[in-house]
Amino acid sequence: MYIKSPSRLHLGLIDMNGSYGRLDGGIGLTIQNPSFLLYGESAEKGITIDFNEEADISDTIKNECIKKITDAAQKVTDYYDVDEGFYFRVDGAYPPHSGLGSGTQIALSTGKLITEHIGQESNGVTLGKITGRGGTSGIGVFAFDYGGFIVDGGHSRKEKDSFLPSSASVASPPQLFGRYEFPDEWGVLLVILKSDVSVNGQKEVNIFQEYCPIDRQEVELYSHLIFMNMIPFLLEKDLPCFGNIINKIQTIGFKKIEVELQSDNIKQLMAKLTEIGAYAVGMSSFGPTVYSFYDETNKHIVEEIKEYVGDDGIVMTTKAQNHGHILTK
């Protein structure tokens with residue numbers, strides 16, 4: 001069996017204050033590329049992981065895939081008491097800790113191949129609970145299942161009462177609050193610069209502990225911009241106004257912290273995109289991936305930013321994906 005799962009842009013965490021009884025909440029977008037491609041079949045025993053020789057996969061990505069696939073496979077086989085082994089081959093992958101959600105897609109894809117083989121129904125939420133994904137943001141979990149533009153409702157403080165990233169949270173994935181089609185006519189621009197700032201592991205935990213709770217008034221403004229501006233402008237397909245809200249939320253709430261902690265070249269890139277006429281300039285999660293959206297009226301930003309970046313990073317274009325993973329038996 002083969003599975004192809006998308007990447008995602010994490011646009012922001014909504015409520016990192018929690019005084020109204022809930023924490024977290026997220027907004028994000030499922031994108032077609034880069035994607036994670038995994039082949040799986042049963043084996044006599046153990047977990048074996050291979051890589052397609054024709055795929056351009058770096059040693060760093062391979063090491064992360066081995067770690068994440070092994071961990072997810074062990075948790076799923078233990079949960080369902082599976083005593084046979086599995087062989088996996090990675091046919092396509094993308095860099096970890098780049099702000100595109102690779103860890104969740106690796107874990108959920110691995111779990112889905114196993115549960116399909118043993119005839120057990122599963123989805124992103126059930127697999128997220130088993131593999132420990134979605135404890136803060138549900139964007140990756142719901143991107144796996146449904147695709148599109150996603151809003152999740154965060155966690156009740158009865159279940160989760162501390163500010164922690166998904167990697168350190170034992171909470172279950174949140175509720176899906178809203179899922180919307182993203183316009184096919186809007187292109188997605190991704191820029192991944194080489195950065196000397198990497199936020200993961202204990203460093204990420206420390207940031208959550210140090211900077212939260214966020215001021216309640218900022219959270220209220222952030223929420224208002226999302227629900228009374230961003231989503232309506234999205235549904236009206238008004239890219240300049242939608243983009244303006246993307247720009248505003250980079251300077252508010254927890255997203256402001258994520259941007260401020262990035263390296264200077266990332267901030268300079270964001271300023272350059274604004275200078276050349278990008279409607280929207282945002283950073284996905286803790287970066288370093290910076291994104292923008294464009295249509296026929298301002299697609300010139302693609303070539304201009306390629307010239308600006310040169311050999312200092314990767315510039316790619318893609319589209320939103322308004323469906324989840326694809327499983328081929």
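A nonpolar surface patch is formed in this predicted model by Phe177, Phe227 and Met228, which together have about 330 Å² of accessible area. Patches are made of residues with over 30% relative accessible area and no salt bridge, with nonpolar side chains (Val, Leu, Ile, Met, Phe, Trp, Tyr) joined within 5 Å and like charges within 9 Å; a salt bridge is a side-chain nitrogen of Lys or Arg within 4 Å of a carboxyl oxygen of Asp or Glu. Accessible areas come from the Shrake-Rupley method with a 1.4 Å probe, and for residues only the protein chains shown count as cover. Phe227 belongs to helix α6 (residues 216–235) and is partly exposed, with a relative accessible area of 32% (buried means under 20%, exposed over 50%, and partly exposed in between). Helices (H or I, at least four residues) and strands (E, at least two) are DSSP runs, numbered from the N terminus.

Most residues other than glycine have a negative phi, and most peptide bonds are trans. The bond from Cys212 to Pro213, however, is cis, with omega near 10 degrees, and Pro213 is found in the loop between α5 (201–211) and α6. A cis peptide bond also joins Gly287 and Pro288, with omega about 5 degrees.

Asp24, although not a glycine, has a positive phi of about 70 degrees; Asp24 lies in strand β2 (residues 22–43) and is buried at 2% relative accessibility.

Residues are numbered from 1 along each chain as its sequence is written, and side-chain values use heavy atoms, with hydrogens and water left out. Local features need pLDDT of at least 70 and side-chain atom pairs count only at pLDDT 80 or more, whereas totals for chains, interfaces and linings use all residues.

How values were computed: Buried < 20%, exposed > 50% of the residue type's maximum accessible area, 1.4 Å probe, protein only.
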